[in-house]
Amino acid sequence: MSSTFWPIIDIEYVDSYAWVIIPPRSGPSAPFEEWDDIKSWCLERAEDLWADRELDPGPNGVEFVGETLSRCAEAFCPPGSDHWLFLHLDHPTDVPLPVCAAIGPAREPRYPTLRALTEADDQNAVDPPVVKPFHSEYLGEGMTTFRYAPQEGSPHVLACVRYAWQVTQHEADVVVWTATEDVARIMHAAPDLEELARTLAIFIP
């Protein structure tokens, strides 16, 4: 009997306008053809970003953005990664905000699992994390947290957002996370981030 965990993240309902969506490098639904030549694929997505926003990229804009996207892909999806990567951009030349989403077999009990996945009890947080319930039409009742976390060797704190669900129907845990030193950036992206969390779903191949 196969031990493969088959539920996978479904992005069908995600509004991709604000996101460059990079699929996992490994897992039951991989490989994706994007990873055959990630630099060329990111260059195509860079062209789409400029065209979708009806902006003139100039002589170097497409290459600059494509290289930025490919560097993010390699940095945040190293070989063996089985999570989805969502890069948030308003303008093509924005520094992308990386958001990751992963799925795995459910751990019990539910409430402590959600607190663990969202790091709701992070003892190293600058202040106690802000913990709230969060509802998704597709994943059900979950939890979200916001916290400031110190970085070893750096005077700058990270602004961290996490979402988590335990989906009983599929015996699956889902977690979404992002972190950045740029607090204004994460606040600006908050509506799109929340909408992303609300529109992720689960698919059984």
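The following paragraphs describe the sheet, its strands and several individual residues of a predicted model. Residues are numbered from 1 along each chain as its sequence is written, and side-chain values use heavy atoms, with hydrogens and water left out. Because the model is predicted, local features need pLDDT of at least 70 and side-chain atom pairs count only at pLDDT 80 or more, while totals for chains, interfaces and linings use all residues.

A good place to start is the sheet. Seven strands form an open sheet with antiparallel pairing, in the order β2-β3-β4-β8-β7-β6-β5. Strands here are DSSP runs of E with at least two residues, helices are runs of H or I with at least four residues, and both are numbered from the N terminus; two strands pair if DSSP finds at least two bridges between them. The edges of the sheet are β2 and β5, each of which pairs on one side only. From one strand to the next, the twist averages 20 degrees; for such angles, axes are lines fitted to C-alpha atoms (for helices over the stretch in contact), and values run from 0 to 180 degrees between N-to-C directions. At the β5 edge, β5 and strand β6 (residues 140-151) are joined in the antiparallel sense by 7 bridges, and Pro133 has Met143 in β6 as its bridge partner. Helix α2 (residues 61-76) packs on the sheet, where it touches β2, β3 and β4, and its direction makes about 145 degrees with that of β3.

Strand β3 deserves a closer look. It is largely enclosed by the rest of the structure, because 5 of the 5 residues in this strand (residues 84-88) are buried; buried means under 20% relative accessible area, exposed over 50%, and partly exposed in between, with a 1.4 Å probe and protein chains only. Trp84, Phe86 and His88 point one way from β3, while Leu85 and Leu87 point the other way. On one pairing, strand β2 (residues 19-22) runs antiparallel to β3 over 4 bridges, with Ile21 standing opposite Phe86. Strand β4 (residues 97-105) also pairs with β3 in the antiparallel sense, over 5 bridges, and here Phe86 has Val99 as its bridge partner.

Turning to polar residues, Gln166 belongs to strand β7 (residues 154-167) and counts as buried at 7% relative accessibility. Its side chain reaches the backbone oxygen of Arg107 at 2.4 Å and makes a polar contact of 3.0 Å with the side chain of Asp173. A polar contact is a pair of N or O atoms within 3.5 Å; within protein, one must be able to donate a hydrogen and the other to accept it, and residues adjacent in sequence count only if both atoms are side-chain atoms. Leaving aside neighbours within four places in sequence, the contacts of Gln166 (heavy atoms within 4.5 Å) include Ala106, Glu108, Arg110, Thr113, Leu114 and Ala172. Asp122, in the loop between α3 (110-117) and β5 (130-136), is buried at 17% relative accessibility and touches Pro129, Arg147 and Ala149, not counting residues up to four places away in sequence.

Finally, the cysteines. A search of the whole structure finds 0 disulfides, a disulfide being a pair of cysteine sulfur atoms within 2.5 Å. For Cys42, the nearest cysteine sulfur is that of Cys72, 8.5 Å away; Cys42 is buried, at 0% relative accessibility. For Cys100, the nearest cysteine sulfur belongs to Cys77, at 6.3 Å, and Cys100 is buried with a relative accessible area of 6%.
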